[in-house]
Amino acid sequence: MQSDRLKGAAQGFGEHVASIGLWLAAAALLIIVALNGVNIVLRYFFLDSLSWAEEAMDYLMVFSVYTGAVSVAWRQAHIRIDAFLNYAPLRYRRAMNVASTLVMVAILVPVTIASFSVVVQLFQF
């Protein structure tokens, strides 16, 4: 009984965090659109632009990807080819899910390590 309540609370908390991540990603994308629109008007009608707009839009795009990834990961809505999983017998699906998760981790760990070193180099520059 206690375990079910704890599991339900964790599930609710995860859904809440995923929802916040989705809203933050959407807000960042809307800010990007608005900022780009303002910059276009300034550039073509006033022959001036916001010097920081391009970088702000770049950072907002990265922010929206990472906050949206929280929601996608929690809800398991990421894109994957699951034809094998759908046609596999039920007793093998759990093992296939674990295997696909391990493959994903095996791919993403080196990417994360390489990305971290690139970011460190950029900050040192």
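User: Accessible areas come from the Shrake-Rupley method with a 1.4 Å probe. What share of the area that the protein exposes do carbon and sulfur atoms supply?
Analyst: The model is a predicted one, and the areas are computed from its atoms with that probe. The protein exposes about 10500 Å², and the part of this that carbon and sulfur atoms supply is 72%.

User: Which pattern of secondary structure does the protein follow along the sequence?
Analyst: The secondary structure comes to four helices and zero strands. Read along the sequence, the protein therefore has helical elements alone to list, and its pattern is α-α-α-α.

User: What is the radius of gyration of the protein, and is it spread out or compact by the globule rule?
Analyst: For 125 residues the globule rule gives 14 Å, and the radius of gyration of the protein is well over that, at 21 Å. Taken along the principal axes, the C-alpha atoms fill a box of roughly 65 × 35 × 30 Å. Because the radius of 21 Å is well over the rule's value, the protein is, next to a compact globule, more spread out.

User: How much of the protein counts as buried?
Analyst: A residue counts as buried when its relative accessible area is under 20%. Among contacts between residues at least 6 apart in sequence, 55% join residues at least 24 apart. Of the 125 residues of the protein, the share that counts as buried is 14%.

User: Which helix gives the most residues to the largest nonpolar core?
Analyst: The largest nonpolar core has seven residues, namely Ala28, Ile32, Leu35, Ala53, Ala56, Met57 and Leu60. Helix H1, covering 2–45, and helix H2, covering 53–74, each supply at least two residues of this core. The most, with four residues, comes from H2.

User: Is Asn39 buried or exposed, and what is its relative accessible area?
Analyst: Asn39 lies in helix H1. Leaving out residues up to four places away in sequence, Asn39 touches Ser49, Leu50, Ala53 and Glu54, and Ala53 is one of the residues of the largest nonpolar core. Since buried means under 20% relative accessible area, Asn39 is buried, with a value of 1%.

User: Which residues does Thr67 touch, not counting residues up to four places away in sequence?
Analyst: Thr67 has its place in helix H2. Its relative accessibility is 12%, so Thr67 counts as buried. With residues up to four places away in sequence not counted, the residues that Thr67 touches are Gly21, Leu22, Leu24 and Ala25.

User: Where is Glu15, and which residues is it in contact with once neighbours within four places in sequence are left aside?
Analyst: Glu15 has its place in helix H1, and its relative accessible area of 30% makes it partly exposed. Glu15 and Tyr87 are 72 residues apart in sequence, and their C-alpha atoms are 29 Å apart in space. Leaving aside neighbours within four places in sequence, the contacts of Glu15 are with Trp74 and Arg75.

User: What is phi near in Leu47 and in Gln76?
Analyst: Most residues other than glycine have a negative phi. Leu47 is found in the loop between H1 and H2 and is exposed, with a relative accessible area of 77%, while Gln76 is found in the loop between H2 and helix H3 (83–87) and is exposed at 62%. Phi is positive in each of these residues: for Leu47 it is near 55°, and for Gln76 it is near 50°.

User: What distance separates the C-alpha atoms of Arg94 and Met61?
Analyst: Arg94 lies in helix H4, and at 69% relative accessibility Arg94 counts as exposed. Arg94 and Met61 are 33 residues apart along the chain, and the distance between their C-alpha atoms is 34 Å.

User: What distance separates the C-alpha atoms of Val109 and Ser51?
Analyst: Val109 is found in helix H4, which covers residues 90–124. With a relative accessible area of 42%, Val109 is partly exposed. Val109 and Ser51 are 58 residues apart along the chain, and the separation of their C-alpha atoms is 36 Å.

User: How far apart do the centres of the positive and negative side chains lie?
Analyst: Lys and Arg count as positive here, and Asp and Glu as negative. On that count the protein has 8 positive and 7 negative side chains, and the centres of the two sets are separated by 21 Å.

Technical notes: Residues numbered from 1 in each chain as written. Predicted model: local features only at pLDDT ≥ 70, side-chain atom pairs only at ≥ 80, totals over all residues. Heavy atoms only, no water. Core = buried A, V, L, I, M, F, W, Y, C linked by side-chain atoms within 4.5 Å. Buried < 20%, exposed > 50% of the residue type's maximum accessible area, 1.4 Å probe, protein only. Rg over C-alpha atoms; globule rule 2.2 N^0.38 Å. Contact = heavy atoms within 4.5 Å. Charge placed at Lys NZ, Arg CZ, Asp CG, Glu CD.
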